[in-house]
Amino acid sequence: MQPVVLGIETSCDETAIGIVRGGTLLANVIASSVDEHARFGGVVPEIASRAHLEAMLPSIQRALTDANVSLSDIDAIAVTAGPGLVGALLVGVASASGLAQGLGRPLYGVNHLAAHVSVDYLTHNQPTDPTIALLVSGGHSSLLQVDDITGSITKLGATMDDAAGEAFDKIARILDLGFPGGPAIDREAVSGSASAIDFPRGLTTSNDWATRPYDFSFSGLKTAVARYLEGTPSFLRADVAASFQEAIVDVLLLKALAACKSTGIDSLVIAGGVAANSRLRAVATERCEKAGIALRIPTPALCTDNGAMVASLGSLMVSAGRPATKGAFDADSSLKVEQVSL
């Protein structure tokens with residue numbers, strides 16, 4: 001019988017609870033505090049932590065109702081142990097630990113980044129291992145080789161400065177588009193021209209390809225956009241948004257497809273909040289089809305932080321016979337992606 005797993009995610013500003021039965025999603029509840037952070041132009045850790053405390057129990061109760069199960073039906077609990085904001089993570093870890101101890105159920109402290117990739121299993125029935133994973137979120141831009149999502153992930157490259165999501169937030173702020181920046185720029189870019197401005201593509205010179213083929217850098221792009229705006233009083237905001245977005249999408253896919261080619265792996269999973277970007281999804285579909293790469297991207301609702309991804313990874317861990325996390329454990333705000341679980 002397939003295990004019923006409850007997942008808890010509190011790495012940033014969403015209190016998210018997911019429940020899965022095997023590879024079937026039963027509930028996915030998200031209580032976001034993003035509106036409370038918007039006036040500050042970014043996430044305030046203390047506000048996020050307090051919001052998690054207030055939302056935790058109501059979110060769990062709603063998830064159980066949506067899934068039509070009771071606590072006694074839960075076979076295992078999974079929780080994001082890192083990376084993320086340490087105060088926010090601690091709320092989730094403490095809640096999951098108490099729940100697991102009270103129910104006498106195994107607890108899996110899992111990696112937030114690996115969970116983003118594993119949520120693909122809720123969208124597609126067939127496993128993708130091995131696959132190249134392009135993980136793009138607010139704080140992370142990484143290229144991974146995933147041989148086994150429950151225990152074998154190799155980091156091929158990562159951002160050297162701003163992640164793609166951070167760059168979206170910062171440029172949206174400059175353009176006065178609000179927070180979060182990714183969706184705002186995506187909407188604005190629809191009426192703009194992606195070729196209007198030739199913004200730079202970071203780490204794509206011949207020397208970069210020879211020495212850092214799978215790393216990312218978006219700080220130079222951010223600076224180029226800021227300088228363009230300073231020197232162009234009559235700029236068209238939609239064109240700036242579209243051209244900036246195109247530069248990010250282009251670099252992400254150049255690197256991802258190069259990783260597929262060099263490893264001989266003909267499968268690409270794109271995950272994380274930025275994977276919800278409409279232009280990234282469209283260009284990825286076009287380029288992967290041309291290159292003969294099987295592309296998989298979760299539905300937009302499962303790209304941003306959610307409890308379903310944590311429950312999914314927990315379910316895969318249970319099914320693979322991976323041991324539960326032993327004893328009490330702390331949240332690890334800098335947990336490396338190669339460590340799938342504690």
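**Exercise A: a pair in one helix**

Glu46 has 46% relative accessibility: work out whether this residue is buried, partly exposed or exposed. Then find out how its side chain meets that of Arg50.

*Solution.* Start with the cut-offs: buried means under 20%, exposed means over 50%, and partly exposed is in between. With 46%, Glu46 therefore counts as partly exposed. Keep in mind that you are looking at a predicted model. Apply the same cut-offs to Arg50: its relative accessibility is 53%, so this residue counts as exposed.

Now look at how the two side chains meet. Arg50 and Glu46 form a salt bridge, with N and O 2.7 Å apart. Both residues sit in helix α2 (residues 45–67), and because they are 4 residues apart there, about one helical turn separates them. The general rule helps here: an α-helix has 3.6 residues a turn, so residues three or four places apart point the same way.

**Exercise B: salt bridges between distant parts**

How many salt bridges does the structure hold? Take the pairs Arg296–Asp120 and Arg201–Asp250, and place each partner in the chain.

*Solution.* The structure holds 11 salt bridges. In one of them, the side chains of Arg296 and Asp120 meet at 2.7 Å, N to O. Arg296 belongs to strand β10 (residues 294–296), while Asp120 is in the loop between α4 and β6 (131–136), so this pair ties together parts that are 176 residues apart in sequence. Check the burial too: Arg296 and Asp120 are both buried.

Turn to the other pair. Arg201 makes a salt bridge with Asp250, and their closest N and O atoms are 3.1 Å apart. Here as well, distant parts of the chain are linked: Arg201 is in the loop between α6 and α7 (206–211), Asp250 is in helix α9, and their positions lie 49 residues apart in sequence. Arg201 has a relative accessible area of 25%, so it is partly exposed. Asp250 has 15%, so it is buried. A further group is worth finding on the model: Asp162, Lys170 and Lys222 are joined into one network by salt bridges that share partners.

**Exercise C: a buried acid**

Asp186 is buried yet has no salt bridge: which side chain of opposite charge is nearest? Which side chain makes a polar contact with that of Asp186?

*Solution.* Locate Asp186 in helix α6 (residues 181–189). The nearest side chain of opposite charge is that of Arg187, at 7.7 Å. A salt bridge needs the two charged groups within 4 Å, so this distance does not qualify. The polar contact is with the side chain of Ser278, at 2.7 Å. Beyond its neighbours within four places in sequence, Asp186 is also in contact with residues including Gln245, Ala276, Asn277 and Arg279.

**Exercise D: the buried residues of α5**

Which residues are buried in helix α5 (residues 164–174), and what do they pack against?

*Solution.* Go along the helix and mark the buried positions: Ala164, Gly165, Ala167, Phe168, Asp169, Ile171 and Ala172. The elements they pack against are β7 (141–148), α6, α8 (219–231) and α9 (237–263). After the helix comes Asp176, with a positive phi near 60 degrees.

**Exercise E: two buried residues and their contacts**

Are Leu113 and Ala271 buried or exposed, and which residues are they in contact with, leaving aside neighbours within four places in sequence?

*Solution.* Leu113 is in helix α4 (residues 112–118). Its relative accessibility of 4% means that Leu113 counts as buried. Its contacts are Pro83, Leu135, His140 and Val337. Compare sequence with space: Leu113 and Val340 are 227 residues apart in sequence, with 8.4 Å between their C-alpha atoms.

Ala271 is in strand β9 (residues 267–271). With 1% relative accessible area, Ala271 is buried as well. Its contacts are His116, Val117, Leu134, Leu135 and Val136.

**Exercise F: the whole chain**

How many helices and strands does the protein have, and how does its radius of gyration compare with the globule rule?

*Solution.* There are 11 helices and 10 strands. The radius of gyration is 20 Å, close to the 20 Å that the globule rule gives for 342 residues, so the protein is as compact as a globular protein of that length. Its C-alpha trace spans about 60 × 45 × 30 Å along the principal axes. Buried residues make up 52% of the 342. To finish, take the contacts between residues at least 6 apart in sequence: 74% of them join residues at least 24 apart.

Methods
Residues are numbered from 1 along each chain as its sequence is written. This is a predicted model: local features need pLDDT of at least 70, side-chain atom pairs count only at pLDDT 80 or more; totals for chains, interfaces and linings use all residues. Side-chain values use heavy atoms; hydrogens and water are left out. Helices (H or I, at least four residues) and strands (E, at least two) are DSSP runs, numbered from the N terminus. Buried means under 20% relative accessible area, exposed over 50%, partly exposed in between (1.4 Å probe, protein chains only). Lys and Arg count as positive and Asp and Glu as negative; His and the chain ends are not counted. A polar contact is a pair of N or O atoms within 3.5 Å; within protein, one must be able to donate a hydrogen and the other to accept it, and residues adjacent in sequence count only if both atoms are side-chain atoms. Contact means heavy atoms within 4.5 Å. The radius of gyration is taken over C-alpha atoms; the globule rule is 2.2 Å times the number of residues to the power 0.38.
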